[in-house]
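Please look over the sequence and the model shown here. The report after them is meant for a first reading.

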Amino acid sequence: MSLLKPFSKLPGINSANILLVEFEETFQQSLADALVEETAVTVNVRLAKSLPLPKENEENRPRIDLVVFIINLTTELSFQSAEASLKCLDSGFFLGKVCFMVTNARNASVPTERLDSVRKLAASLHCPLLFAEDQTPAGVTNAAERLLTILKVTAGLVPMTTALYLSNLTRCTVPPDIDQPTFD
Amino acid sequence: MAASFNRSGPSDLETSSVNDQSVSSRSSNRSVRVAEKERRKNEAEDPVVLALKYFNDVEAGTPVNGNDEVEKQLVLVEKVGYSRGLSPDAISVMLEFAMSLRMGTTLCPRVLKCLIPATTVPQEAVVRAVVWLGVGKIPATTQVLFVKWVLTVFDMIDEKDQLRAIYGFIFNFVTDENLCPFICHLLYLLTRKESVRVFRVRKLLELQSKLGRQPFLLHLLSLYKVFCPELVTLSIPSRMRSGFKNHTSPWKSALLFVQKRNGSQVSSNVSLAVTVKDKTSTRKRKHHHLELPKLSSVVNKPAQTETSSSRKLVPLTQLHSFAQLLENMHRIELPSQMGSLLGSSMALHYLDCVQDESALLRLNFWLGYSLHEEFLFCSDGGASQYSEEVLQFLNRLLSTQHFLQEGFSSSEAFLYKFLTVWDGALYRPEILGLLSNIPVIPSSQIGRLLFEPLMQLFFTSSLFFKCGLIECLNNMLLKWLTWHSVYALEDDLDISLHSHTSINMTLSGFKDSVMELVLFVGRLASVGLQLEGCHSVLLSFVLDFYETACDTFLKYGLPLVLLPPSGVFYPALLASDPVSVDRLAYIMYRYKANLTSAKNQEKVTEQAFHISRQTFREFNSYIAVMANYLWNSRVFHPGMGVQLEKELLLKSNVPEYWTSFDLIHHPAFMSYAIDFHRKCWPGRKDMDLNSIKLSKPWGWYLEYLFTQGFDGLKLFFQGNVRQQKAQGDGQGDSTPTQAR
C-alpha cells in the first residue's frame, strides 16, 4: 500500500491542488465545478472514490495540498469507506491538510450516533469538520468557498499563516450532550 | 351518505360566528357553503363515497382473510388519503371503523396510517376513538400509533373543548407504560389551569419515582407548576430537552404533501379571508407546515363558557383595540394554537406585559417543537424547497423578538443545536439575527455552547461571514448591556435578569459572561485580521464592536473595562485608511473617559469596583504608543509594544524611519499632508513634507485635519496630548497625559 505524502513533491506557482474523496461520487462533481470557478489562483481538483490512489499516475500527480473526505450521513458505508481511506495518508497530512465535510446532517433519518462517531473521528485526528448543504446551489457554492478558504492557507498562499496554525483554530471538538446542560 | 356524517360542517360554523361576524365575512361564509354543496353533489358518484359507505356499514366480525371486497375498498381509500387527503367525514368513518375493531386488529394500523386529513379532523371522531381506546382490546402498538396520530393532526382538530372535557379520562392512560410518553405530550397540549389537580400531580410524581426523571413527565409537571406553583413543589431544571421527541415523519411528510397539493387549489379561497380575525379562515388554516396559524379561539360561545370557573374568559380574537385589551387583561383566553400569537400585535402586547408564565411556556414549547422539526430533522435532508416560507417564518420570529426585546428560550436552545450542524450560509441573516437575541449565557457554558461552534465557522468561512458574525456579536453585546442597564437593581449588586428568561444571575456572573464575550471577539478579531491581511471592512466591523465595548461603564453602568488586544490595536493604528485611525482615536478617548470616571468613583465610594493596575498600565502604554507614533515621530522606540533592532532598521534603508507613522508620513494621512502642503505653500516647486513638522505649520496642519472630519483624532488630541513649546528649535513636542 502506497502512502500519499504531502511533502514529496514541489508546489506549483500560484496553484493549489485539492483531493475530494467521496464514496458515493455524487457531491464531489458539483463541488469540483464550483471550486474551479476561483480565479485568483489555479485550483486543480482531483476526485477519488477512496484511497489509496492508483499507482500508474503517481508521476504526473501534483502535490496535494488538501484532502477532503466527504461523508454522507445517510449511509453507514460512506463513513466506513472514509475511515478505511484515512490509513492511506501519510501522517504529515494530519498537520492541517485534511478536513471532513459532512452532508445530510439535518436529515431526520440519520441516527445521531453516526454524526457523533464522525465528530469523534475528526476530533481525534485534530481535523476541521465542515457541514454542507449539498442539495441547493447556494449550499454547494458556500461549501466550495469554505474549502477554498482552507485550501489557500494549506497551499501556502496566505501570508503569515500555515496549515497547522489554521487547523489549530478550526479543529473539531466533541461537544458534550447539549440536550442536558448543567445550568443550575 | 357522506352528508349524514357531516357534524362539523358549515351549519356549526355559522351558529358560532353569528355573534360577532361582520356582514362581509358572512357573505364569504355563504360562498364557502355554496362550494360545499357543489362538492357534495360531485361526491355522490365518487367511488370513494361508496368505499366509505362500505366501511360505515360493514358488519362486525366480517372475516378479513380472503375478503377481496375489503381489500379493494381500502386500497381506494388509501389512494385518496395519500394523494388528496381525507375529508372530515371520511376521517370519522375510517377512524370509527379502525378503532371499533369491527374486522379485527390487523387492519387497524393500516387504516390509521392513511388517515391524512385534507382540511380538519372532527373533534367528535377523536373523542369516540379515545373512548374505544378505553375498551382495551386494541394491541399496545396500535394504541401508541393512534395517540401519535392524534399528536400529528392535533393542530387540525377543529375544536378542543370536548377533548378537554375528557381530560381526566385521557389522564388515566399515563399509567400505561407504552402510552405514557405520548399521553403526556397530548395532555401537555390540552392542559389548562382547571385541569391541574392535587391527585394528578401526585400520580405524576409517583410515576416519576418509578420511571426516573423522564423528560416527558418533567415537561408536563413544569406546565402544572406554572399553572399551580403551590401544588408542584418539585424543582424543575430551567433547561430541559427541547420538546417531546415524538417524531412522526411519515405522517408529517404525507400531510405536507397533501397540504401542498391542496394549497394550490384552495389558495384562491384563502385570499378571501384577509383579516386575521376572520373566523372562516380557521377551517383552512394549515396549508403550509410553517405558516403561522390564524388566531382563533377555543371558546365558541363566550356566554356559556367555563361554567366551572367563576370568571368569564375573553378570547383574544374578540379584542380589537388596545383599550379593550387593557380592560380584559385579567381574563384573557389564550388561543389553542400558541403559534398564532406571533401573528397578532395585540397578542404580543399581551405577552409583553403578562405576569402569568403559562403563555410564554406554551409558546416556547410550540416554537421549540416546530424549529426542531423543520430545521434539525428534515425529512428530505434539508432541500430548501420551501425556503420562501421558512424565510417568512424566521423573519416573523425575528420581528416578534424585536417587539418583545428579548429572545425566546426555545429559539435559544434550538440555535445551540443548529450551530453545530450549520454550514454557515443557510438562512445566514436570519440565524445571525436570532443569535444576537439570545439572553446572557453563564460564563461556564458560553464557550461550549457558543464559542466553539462559532470559532470553527468563523475561521473557515469567507470575509463576508466574518464581518457578519462580528456584527452579530456586537448586537449581542449591545443587548446584554441594555438588559443590564434596565434590570440592574440599584441598592444591591445582584441583578436579576429573569423577566421572561428564567436565568437569575449575580452581577459578578453577568460580568464574567460579558468579559468572556469581549475577550472572545478580541481573539476572533486578532486572528481574523491576520488571516485576511487586515482587511479594512473587517477592521471596520471590529471597531464597531469596540465602540460598544469601550463604553460599558459610562453608558451602561457595568463596572467593567476591557481593552482591545494588540492584534486589533496595531492594525487599526497602522491602517492605510484614515477612518480606522480616527475611529481608534475616538475609542481610546472613550476608554479614557470611562477609566477616569471609574477612578473618580472609586475614590468617592468605597463600594465601587476595582479596576486592575494591569488595565491602567495597558491603557497608558497604548496612549503612549499612539502619541509617539502620530505626534512625536518616535516609532519603534525601545520600551513600546512593537520593537525592532536598530541594525535591522538601519539595514532597511528607510530614511528617518522614526517619522514613518506620524500624522504626516502615516500611509493613511500622507495625502492630506500633501494637500495641506500645496495649500500652505502654493508657490513651492519641491515638496518637503518635513517642513510641516515645524511648530507653526504643525498647528495649522492639525487644525486642517480636524476640519476634514476627524473628530476622533480631535477628541483624542484635546484629551491626551499637551502641546509643549520648546524654545530652541521651535519644534513642538507632545507628551501623553496618563490616566494614572
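The text below deals with one strand, its neighbours and the confidence of the model.

This is a predicted model. Chain A has an average pLDDT of 87, and 93% of its residues score at least 70. Confidence is highest in strand 3 of chain A, at 94, and lowest in helix 3 (residues 112-124) of chain A, at a mean of 89. Over residues 178-184 of chain A, the pLDDT falls below 50, although this stretch has 21 contacts in the model beyond near neighbours in sequence. Where pLDDT is low, the predicted coordinates should not be read in detail.

Strand 3 of chain A spans residues 66-72, and seven of its seven residues are buried. The cover extends to both faces of the strand. On one side lie A:Leu66, A:Val68, A:Ile70 and A:Asn72; on the other lie A:Val67, A:Phe69 and A:Ile71.

Strand 3 of chain A pairs with two strands, listed here with one facing residue pair for each.

| Partner of strand 3 of chain A | Sense | Bridges | Residue pair |
|---|---|---|---|
| Strand 1 of chain A (residues 15-22) | parallel | five | A:Leu19 and A:Val67 |
| Strand 4 of chain A (residues 98-103) | parallel | six | A:Cys99 and A:Val68 |

The two residues of strand 3 in the table, A:Val67 and A:Val68, are on opposite sides of the strand, and both are buried.

How is strand 3 of chain A connected with helix 2 and strand 4 of chain A? Together with helix 2 (residues 76-85) of chain A, the two strands make a β-α-β unit, which is right-handed.

Technical notes
Residues numbered from 1 in each chain as written. Chains lettered and ligands numbered in written order. Predicted model: local features only at pLDDT ≥ 70, side-chain atom pairs only at ≥ 80, totals over all residues. Heavy atoms only, no water. Buried < 20%, exposed > 50% of the residue type's maximum accessible area, 1.4 Å probe, protein only. Helix = DSSP H or I, 4+ residues; strand = E, 2+ residues; numbered from the N terminus. Pairing = 2+ DSSP bridges. Right-handed = clockwise from strand over helix to strand, strands pointing away. pLDDT = per-residue confidence, 0-100. Contact = heavy atoms within 4.5 Å.
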